[in-house]
Amino acid sequence: MNNLVDVAIEYGPTLLGGLKVSLTLTILSLALGLPIGLLFSFGVTAKNKAFRYISVFFVEVGRGAPALVLLQLMYYGLPNANLTLSSMASACLALTWTTAAYSAELIRGGMQSVPSGEIEGSHALGMSYRDCLRFVVIPQGLRIALPSLMGFAVLLFQATSLAYSVAVPELMSQAYSIGSSTFQYLPVFIVAGLLYAAISIPATWLSVGAERLLSRHL
């Protein structure tokens, strides 16, 4: 126990720095991936074949390929195409792709859950198709999908630990580096796990609470 406390005190600032990188990577991936996911949610059912095929391709590959494979592809694969990205940019791009793919299906499911009566009512009021999407379908669909999107955000935060494989100095990478230099792997990884849990558990409770709150008004 004393060893664990000593490790937390001595290496806490380094691990907290890694946690900051993990959170930054999560926020960037969500900020970029969610709008793209919204676009793909329309694209997979679009009448325009080119748009539909492109959307389906990115969604299916993003969901079907493990995040670790996408990370390796962006960091090690793109240089073969004369495109070299930093480790942080590669990780952000890969996790953005994963976010867009999964959020597209979550958002599409939410919009399909909007009661047909709401849509028929908007048409009866003379609203155009765009206005119906803008004021009725998209707001209510996002509201329905919000708890699932929050749950996915927690999983994405945990998935940032994979970014150590492309040299991003996030929490897992810092913990492994400290363990390699001190050979105190057990206490270091316990502290790292507690930091992950300190973010993931409250965020999970928040998503469950949001689901219960929104279910009362749907």
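**Salt bridges, aromatic pairs and nonpolar cores**

Glu-60 lies in helix 2. In this predicted model, Glu-60 counts as partly exposed, at 44% relative accessibility. A second glutamate, Glu-105, is 45 residues away from Glu-60 in sequence, and the two C-alpha atoms are 9.9 Å apart in space. Glu-105 leads on to the salt bridges.

A search of the whole structure returns two salt bridges. One of them joins the side chains of Arg-63 and Glu-105, with an N to O distance of 4.0 Å. Arg-63 belongs to helix 2 (residues 49-64) and Glu-105 to helix 4 (residues 87-112), so this pair ties together parts that are 42 residues apart in sequence. For Arg-63 the relative accessible area is 35%, which makes the residue partly exposed. The side chains of Glu-105 and Arg-108 also meet in a salt bridge, at 2.8 Å from N to O. Here the partners are three residues apart in helix 4, and therefore separated by about one helical turn. Arg-108 is partly exposed too, with a relative accessible area of 24%. Taken together, Arg-63, Glu-105 and Arg-108 are linked in a network of salt bridges.

The aromatic residues come next. A pair of aromatic rings is described by the distance of the centres and the angle of the planes. The count for this structure comes to eight aromatic pairs. In one of these, the ring centres of Phe-57 and Phe-58 are 5.3 Å apart and the planes stand at 80°, so the pair is edge-to-face. Phe-57 is partly exposed at 48% relative accessibility, and Phe-58 is partly exposed with a relative accessible area of 30%. Tyr-75 and Tyr-76 are likewise edge-to-face, because their planes are at 80°, with ring centres 4.8 Å apart. Of these tyrosines, Tyr-75 has a relative accessible area of 25% and is partly exposed, while Tyr-76 counts as partly exposed at 47%. Phe-57 and Phe-58 also belong to a wider group: with Phe-40 and Trp-97 they form one aromatic cluster.

Turning to the interior, the largest nonpolar core has 19 residues, and Leu-25 and Ala-91 have the most contacts inside it. Helix 1 (2-43), helix 3 (67-77), helix 4 and helix 6 (129-159) each supply at least two residues of this core. The most is given by helix 4, with five residues. Helix 4 thus takes part in this core as well as holding Glu-105 and Arg-108. The surroundings of Leu-25 can be listed in full: leaving aside its neighbours within four places in sequence, Leu-25 is in contact with Met-88, Ala-91, Cys-92, Leu-95, Thr-160 and Ala-163. Apart from the largest core lies another, of 13 residues, and Val-7, Leu-15, Ala-175 and Tyr-196 are among them.

Finally, there is the record to set beside the model. UniProt, in an unreviewed entry, lists residues 19-207 as "domain: ABC transmembrane type-1". Over residues 19-207 the chain is 81% helix and 0% strand. The C-alpha atoms at the two ends of this stretch are 21 Å apart.

Conventions
Residues numbered from 1 in each chain as written. Predicted model: local features only at pLDDT ≥ 70, side-chain atom pairs only at ≥ 80, totals over all residues. Heavy atoms only, no water. UniProt positions renumbered as here; feature names shortened; annotations may be inferred. Helix = DSSP H or I, 4+ residues; strand = E, 2+ residues; numbered from the N terminus. Buried < 20%, exposed > 50% of the residue type's maximum accessible area, 1.4 Å probe, protein only. Phe/Tyr/Trp six-rings, centres within 6.5 Å; stacked < 30°, edge-to-face > 60°. Core = buried A, V, L, I, M, F, W, Y, C linked by side-chain atoms within 4.5 Å. Contact = heavy atoms within 4.5 Å.
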